[in-house]
Amino acid sequence: MSESVSFFSRLSGVRTPHRKDTADMQAVVMPAPATVLVPMSMNIGAPAVPCVGVGDHVDVGQVIAQPGGFVSAPIHAGVSGTVKQIEDFMMTNGRTCQAIRIESDGLQTMSPDIKPPVITDILSLLDAVRASGAVGLGGAGFPTAVKFSIGDKPLHAIIINGAECEPYITSDTRTLLDRQEDMFYALEILKEHLHPERIVFGIEKNKPQAIASLRGSAPAYAEIKALPSIYPQGGEKVLIYHTTGRTVQEGKLPIDAGAIVLNCTTLAFLGQYFKTGCPLVSKCITVAGAAVARPQNVIVPIGTPIKDVFDFCGGFREGHPPVKVLYGGPMMGIAVPDLNVPVLKNTNAILAMDEKESAIPEFTQCIRCGKCLLHCPLGLEPRSINAAYEHKDMQALQKLHAGLCMECGCCSYICPARRPLTQLNKLAKAELIAWQKQQKEGK
Amino acid sequence: MDTSSGLFVVSANPHIRTPRTTASIMLDVIIALCPVTIAALFLFGWRTLAVVLTSIAVCVLSEFIFNLIAKKPRTIQDLSAVVTGLILALNVPVGIPLWQLALGAVLSIVVVKGLFGGIGQNFANPALVGRIVIFLSFSSAMAAPTQDFASLVGIDMVSSATPLSQLNQGDPSSFTFVQLLFGTYGGMLGETCSLALLAGLVYLLIRRVITWHIPVSIIGTVALCSLIAGRGVVADLLSGGLLLGAIFMATDYATSPVTKWGKIVYGVGIGLVTMFVRIFCVFPEGISFAILLFNILTPYIEKLTFVRPFGVPKGGKRHE
């Protein structure tokens, strides 16, 4: 199997602007906010279940919610203080989950239960990772312990995702530069218990400092791969293909192609956790966008309302009020309704866009330029998927493999007619999945 | 936008877009056509200007009026009607009666484009159909290119035979390479100056308006056929409407395949039919008919060249 792919077989994508102006700024620790709101659903899979009651006192790092199933993760308090309320919280996808509101006492007392995990074998590793509350911190939020539960499937490579292909975001860049010790510490342990044939860092070339620094400091077994800055380089399937030449087949998981992809910040967190035992209680996020007064990287307790984070960054720029606010980058980020929503485990950035940046373009007729097809990393045909969806032609959607769409946004980004291709692909995907389920049940 | 309520704009990803729009692409096509238009002005004189302006004005006006009558949103700002008008003008001789040109322009925009649903929906290249209709209806005007004004700019023109008609009669030698390159001979306005057309191609490729697949496969196929048939390869490539067709007309988005292999199949097909017409038919030039034929075949070519998405096994069952 080829180690890396040639120029000609590279997957497609788009060249977005980078706007990584905060890349040179070390992350600043933000003081504990007055209250935090911690939603129970911060990972893919089942939401966690609260295990504290109203009025309880909690310390930083204390478990406040237990995993709600196998694909789930526990949640720990990010501040010390008192549980004020357990309330309903509407997530950005419109569904509701429970959320724990904690009033901070401002002391940030660490929980006495925190001690480094004892890892002797794969089982104790999985237990420790599970107890840490780790989920994919790059944005996906997939429980890390589940990712490591590979059974006896052969593991070809652990791929450390440092691509950070979204514009604006630099929190992973900072991890790659500032938290190398933590990353290498975690790699030693993962290497010992998961036995990967290779460990590869995939980093976009727009982070030359990080690449150079890691090439000097990384242990000999870790390969540092510089990848072209083409969005979505950090998409899981794209990254696996471009670092190992392996293809994740339709409907399969990365491990079926012998790969585990781990975001570099997740890796750094694991290292720090293995060392100190401090679970996932805070998050480094990039605060940026044209409406932000002082864009920077900030380390905040999980559950901090984004309003407090923006306030910490000097609030909003004079004459540039925020019109659209995002969790994550501008390509895949999710627009939030107001500033009361909290920083989640998988939040890597919050962007406040001003009126100019937020303008939703009017779309015109498709001119059949074929750019959506040319730029789809997975070789899908967004315009045909859109047409099939509009005709509610499920067979056609199936033939077009609409279910493969990873919603990266390239098609909408590149469309000169400004058609909302990604949005319609999402809808098409949802309907196709429902239809396929129905078909299966019918048989 | 009202943000006093504390609520923000919510929309689906992505939240940024390329600066490229339909209009900017069309503007690039117009820019790419500038060298050949200017060359035509030099080669065929000031009447060129009248022809070009009439064609563009009629196209834009017909689209504007059509949209009004059909109660459709105004679309002339996307500049596609300007492109159609310009390409049509480059496809007629300088001496064409302007009413004939206007008729062709109205037909291109209203019948071929408007009635089929506007931009992106036409089944054939509008300017191409305009050319063919004018050519078939008023063949006397189209067949006798005049260069009344050329002498004004002091260029020595061959006014009777075109390189292609000579070539078709088995006489490849009377035009020099330089003549073919600069287009100092009779023909349609935008057909003769190969150098300007190639400059346009380079611009379109650099600006990524088109990919290389269609022009290269057409030109390559024609070159190969010409070589096999023992004709003058250079004359076959640089004369007639080949370059204008291969670069600016066969690459029309709406009527060419979107898939890479589809573009190649389409290009090779156009090249083959062009040479078939040139060698075996009574018409001296076949590129228009070749493009028209493959415009119509485009949906089938696309179907045949469906791309297997990443991670879908070869020949495997697509789904349960």
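## Two chains and the bridges that link them

E302(B) and R368(A) form a salt bridge, with their closest N and O atoms 2.9 Å apart. This is a predicted model, and that pair is a good place to start looking around. The count of salt bridges between chain B and chain A is one. On the chain B side that touches chain A, the elements giving two or more residues are α1 (22-44) and α14 (287-304) of chain B. Polar contacts add to the picture, with 23 residue pairs found across the interface of chain B and chain A, both residues at pLDDT 80 or more.

Now step back to the whole interface. Here 46 residues of chain B are in contact with 67 residues of chain A. Together the two chains bury about 4,700 Å² between them, and 60% of that area lies on carbon and sulfur atoms. If you would like residues to click on, try F8(B), R17(B) and F310(B): within chain B these lose the most area to chain A, together 18% of what that side buries.

Let us turn to chain B itself. Chain B has 14 helices and zero strands, so its pattern along the sequence, by the DSSP runs used here, is α-α-α-α-α-α-α-α-α-α-α-α-α-α. Of its 320 residues, 56% are buried. Among contacts in chain B between residues at least 6 apart in sequence, 74% join residues at least 24 apart. As for the surface, chain B exposes about 13,800 Å², with carbon and sulfur atoms supplying 71% of it.

One salt bridge inside chain B is worth a visit. R278(B) pairs with D236(B), and their closest N and O atoms are 2.9 Å apart. Because R278(B) lies in helix α13 (residues 260-280) of chain B and D236(B) in helix α11 (residues 233-238) of chain B, the pair ties together parts that are 42 residues apart in sequence. Are these two residues buried or exposed? Both R278(B) and D236(B) are buried.

Over all chains, the structure holds 17 salt bridges. In chain A, one of them joins D256(A) to K153(A), with the closest N and O atoms 3.1 Å apart. That pair links distant parts of the chain, 103 residues apart: D256(A) is in the loop between α6 (236-244) and β12 (259-263) of chain A, while K153(A) is in the loop between α2 (144-148) and β9 (157-162) of chain A. Both ends have some exposure to solvent-sized probes by the relative-area scale: D256(A) is partly exposed, with a relative accessible area of 40%, and K153(A) is partly exposed at 37%.

Another chain A salt bridge runs between K392(A) and E431(A), with the closest N and O atoms 3.7 Å apart. K392(A) lies in the loop between α11 (382-390) and α12 (394-399) of chain A, and E431(A) in helix α14 (residues 421-442) of chain A, so this pair ties together parts that are 39 residues apart in sequence. K392(A) counts as partly exposed at 45% relative accessibility, and E431(A) counts as partly exposed at 29%.

K392(A) also leads us to the helix before it. K392(A) follows α11(A) and has a positive phi, near 50°. The helix α11(A) is mostly covered, with seven of its nine residues buried. Which residues of α11(A) are buried? They are P382(A), R383(A), S384(A), I385(A), N386(A), A388(A) and Y389(A). What covers them includes α10 (371-375), α12, α13 (410-414) and α14 of chain A, together with α14 of chain B. That last helix is one you have already met at the interface, where α14 (287-304) of chain B gives two or more residues to the side that touches chain A.

Finally, chain A offers an open sheet. Three strands form it in the order β3-β5-β6 (chain A), and their pairing is antiparallel. Why is one side of β3 and of β6 left without a neighbour in the sheet? In chain A, β3 (49-50) and β6 (75-76) stand at the edges, each with a single partner strand, so one side of each has no neighbour there. Strands of a sheet pair through backbone hydrogen bonds, either parallel or antiparallel. To see the pairing up close, look at strand β5 (residues 63-66) of chain A, which two bridges join to β6(A), the two running antiparallel. There, V63(A) has H76(A) in β6(A) as its bridge partner.

Terms used. Residues are numbered from 1 along each chain as its sequence is written. Chains are lettered from A and ligands numbered from 1 in the order in which they are written. This is a predicted model: local features need pLDDT of at least 70, side-chain atom pairs count only at pLDDT 80 or more; totals for chains, interfaces and linings use all residues. Side-chain values use heavy atoms; hydrogens and water are left out. Two strands pair if DSSP finds at least two bridges between them. Helices (H or I, at least four residues) and strands (E, at least two) are DSSP runs, numbered from the N terminus. Buried means under 20% relative accessible area, exposed over 50%, partly exposed in between (1.4 Å probe, protein chains only). Contact means heavy atoms within 4.5 Å. Accessible areas come from the Shrake-Rupley method with a 1.4 Å probe; for residues, only the protein chains shown count as cover. Buried area is the accessible area (1.4 Å probe) that two parts lose on being put together, summed over both. A salt bridge is a side-chain nitrogen of Lys or Arg within 4 Å of a carboxyl oxygen of Asp or Glu. A polar contact is a pair of N or O atoms within 3.5 Å; within protein, one must be able to donate a hydrogen and the other to accept it, and residues adjacent in sequence count only if both atoms are side-chain atoms.
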